[in-house]
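Please look over the chain below before reading these comments, which are meant for someone meeting it for the first time. Keep in mind throughout that the model is a predicted one.

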Amino acid sequence: MSPPLNPPTVTGSGRRELPAYVANGLIGLRVRDTPLTSGMALISGYTGEHHERQIEAAAVAPYPVAGDLALDGVWLSDLPHQIDALEQAYDFFTGELTTRFTFAAAGRVARVEVITFCSRRDPTLVCQEIAVTVDKACDLGLRAIVDASGCDGRALKHARATPGEAEPATDGSLLWESAGGLSTCGVATVTELLGAGDQEPARPPLRDHRLVTEYRLRARAGRAVRLRQIASLIPQIMHDLPDQQAVRLAAKARADGFDKIRAENRAAWDELWKGRIRLQGAGARWQGLTDAAFFYLNTSAHASSPASTSIFGLATWHDYHYYFGHVMWDIEAFAVPPLSVLQPQAARALLDYRSAHLDGAARNAQLMGRRGLQFPWESAPRSGQEAAPMPGTAAWHEDHVSLDVARAFSLHGDVTGDAEFVRTQVWPVLSGVCEWLTTRVTKTRRGYAIAESMGIAEREQPVDNAAFTNMGAVVVLRATIALAERLGLAADPLWSRIADGMAIPRRGKAVVSHDDYRTNEEKGATPDPLMGIFPFGFPLEPDVEQATLALYLEQAQAYIGSPMLSALYGVWAARAGDRGLALKLLEDGYGQFCVGRFLQTLEYRADRFPEQPRAGPFFANIGGFLTGLIFGFTGLEPGPGAPQTWIKRPVVLPAGWTAIEIDRLWIRGQPVRLSARHGRRAELTPL
């Protein structure tokens, strides 16, 4: 297996770009270019009251691996301008971020190397090693800090001792309550000093919302001293007394040791990279973008995640002002498909979050005067209930979210072939959404209609028969009817009548976005119907599909640069048979979104929307790109039949590309190799 291409090393600082994002699917960190300075931390399922909107939102947790160092009593935190030769490198193969710099003070110079990672094997653990080498002997101070000074909320308690034990099991623990008292999280930390003999650290009480462990020693010239930090972070959603459980797991981490945890994390990443997507003929740049997309999606999903993930994974930054860490349809539509074949247990965790909150979807439907399951537009990570900012305009009409969730369940069931999952989780979701549809549609002379809805484009006013919503309804209804037959269950006869009679808006042969559609209307270039064709899988006659592709590909430049659907234009152009256009639109619709430190895919293209904050990694764009590589260009359409029946059309790749190769996908619980050479049919070979 060839290793992934790493992004370029970043030297210096002072740029307008996002800090590095280090995560494992349960914990996410924003690590600054000087990593001893506190960044930001999020924990899956840990929420608080948003300071402005007063809604449930992802809450910033205490930063677990801050630090500081001093040369002859002069602390780096007091003289940050004395840092020089700063460089930061990200190893995607191991998930490790390495930062190097020098710090000059008191006539001494220290060379510093900091390694930071979040463990995939032990998902509550964040690990960091600070290695310091001085040019002249001096008094060296080192601090390991759990820093909650940037968090809304309050400390409920902290502890240094372990009750009933003569010696403390950890350096300390902290129980932190979020703003509004919506939830708590626990943090416990352990430290180890290497290269300086036995040193007993000072552990003062919590002060200024900071829990500090401080070592002081006499450092020799040229001899490295290493401070290792391991912190366990646990949200209340996973344990009622999260600080106590964090102590248990941090103490276990101390017993296991930093080296073992690091080796097991590397082994976990080595296993994931067996699913690396290799492009032939595309060049090093596109391979690098593909490796970055693979890394960021997989680093933000884990089988241990209790609350799915947000559209930015477990990442936020100070200047971002919406989405609030909520779970939205983008995850099911764009992240679940590639994860189902790359990391199926993580995809299952995303869906388990929805299954755990079916009561919230049922209550949401009831509140709208309907039956069945209507999933919230912006689902709160802790409760699974609607959390859209008030007055909740989008939540009034965004009906397609329920169809996106249902299709994700159906697809994951088809890919995994897990009969128990299909029976106990897929069927309840699909049948509940279909029941909701019977109370959402209206019978008209044209057939069945969905009035006053909203497609992917969030316009000022709702529309009738939003194409993506209606196409999605048909796909879900037919999948549910077929599933009922396989399970020996009775399907409501109305489901079939709605599927056969659903109004699909057209102009000539082309499917258009909604009734009374105009190309010059607000967001008129949004290619909603193309999303219905791929990846949703709504079947159209060949001439109708080509007419629909032509209509919206002609308007591509009016939309590209916007989030979500831009990454799919390359696949749609290939489906129309234009390889040159496919390459151009893939560049315009995805390549140009990947800028800045470590190739984080932005929400908006910065050159087209300079007024937007630079926010990423954005998983609708990343997931759309990966979905296109795995399923779109290759012609694979997962279904309930044997995997060989999924190969629906010849492979069509962007100009110059010759093949897409994936050495391991997980299909029906077995490893399978995918080979997709341009102009041929894709091959799925069991391993």
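The points below take up the sheets, the helices and the cores in turn.

1. The nine-stranded sheet. Nine strands form an open, antiparallel sheet, and their order across it is 1-9-10-11-12-18-16-15-14. At the edges stand strand 1 (10–11) and strand 14 (154–159), each of which pairs on one side only.

2. Strands 16 and 18. Within that order, strand 16 (residues 184–194) is joined to strand 18 (residues 225–235) by ten bridges, and the two pair in the antiparallel sense. To find this pairing in the viewer, one may start from Leu-193, which stands opposite Leu-227 in strand 18.

3. Helices against the strands. Helix 1 (residues 242–256) packs on the sheet, where it touches strand 12 (125–134), strand 14, strand 15 (172–177), strand 16 and strand 18, and its direction makes about 25° with that of strand 16. Helix 2 (residues 258–272) lies across strand 10 (96–105), strand 11 (108–118), strand 12 and strand 18, and it runs at about 55° to strand 11.

4. The four-stranded sheet. Four strands in the order 8-7-13-17 form an open sheet with antiparallel pairing. Strand 8 (74–75) and strand 17 (210–219) are at its edges with a single partner strand each, so one side of each has no neighbour in the sheet. Strand 7 (residues 63–71) pairs with strand 8 over two bridges in the antiparallel sense, and Leu-71 has Val-74 in strand 8 as its bridge partner.

5. Strands 3 and 4. Strand 3 (residues 27–31) and strand 4 run antiparallel and are joined by four bridges, with Arg-30 having Met-40 in strand 4 as its bridge partner. From strand 4 (residues 40–43), Met-40 and Leu-42 point one way while Ala-41 and Ile-43 point the other way, yet all are buried.

6. Helix 4. This helix (residues 329–342) has 14 residues and reaches 20 Å from its first C-alpha to its last, close to the 20 Å expected at 1.5 Å a residue. That agreement should be read together with a kink of about 45° at Ala-335, shortly before the proline Pro-337. Because 14 of the 14 residues of helix 4 are buried, the helix is largely enclosed by the rest of the structure.

7. Pro-337. Is this residue of helix 4 buried or exposed? Its relative accessibility is 3%, and Pro-337 therefore counts as buried, the cut-off being under 20%. Not counting residues up to four places away in sequence, Pro-337 touches Glu-332, Arg-407, Leu-411, Thr-627 and Phe-631. The C-alpha atoms of Pro-337 and Leu-684 are separated by 17 Å, although these residues are 347 residues apart along the chain.

8. The nonpolar cores. The largest nonpolar core has 174 residues, and those with the most contacts inside it are Tyr-296 and Trp-329. Leaving aside neighbours within four places in sequence, Trp-329 is in contact with ten residues' worth of surroundings that include Phe-334, Arg-354, Trp-377, His-400 and Met-564. Apart from the largest core lies another, of 26 residues, among them Leu-36, Phe-103, Val-132 and Ala-219.

9. His-397. This residue lies in helix 7 (residues 393–397), and at 16% relative accessibility His-397 counts as buried. Beyond its neighbours within four places in sequence, His-397 is in contact with Glu-452, Ser-453, Met-454 and Pro-462.

Technical notes: Residues numbered from 1 in each chain as written. Predicted model: local features only at pLDDT ≥ 70, side-chain atom pairs only at ≥ 80, totals over all residues. Heavy atoms only, no water. Core = buried A, V, L, I, M, F, W, Y, C linked by side-chain atoms within 4.5 Å. Buried < 20%, exposed > 50% of the residue type's maximum accessible area, 1.4 Å probe, protein only. Contact = heavy atoms within 4.5 Å. Pairing = 2+ DSSP bridges. Axes fitted to C-alpha atoms, helices over the stretch in contact; angles between N-to-C directions. Expected span 1.5 Å × (residues − 1). Bend = angle between axes of the 7 residues up to and from the residue.
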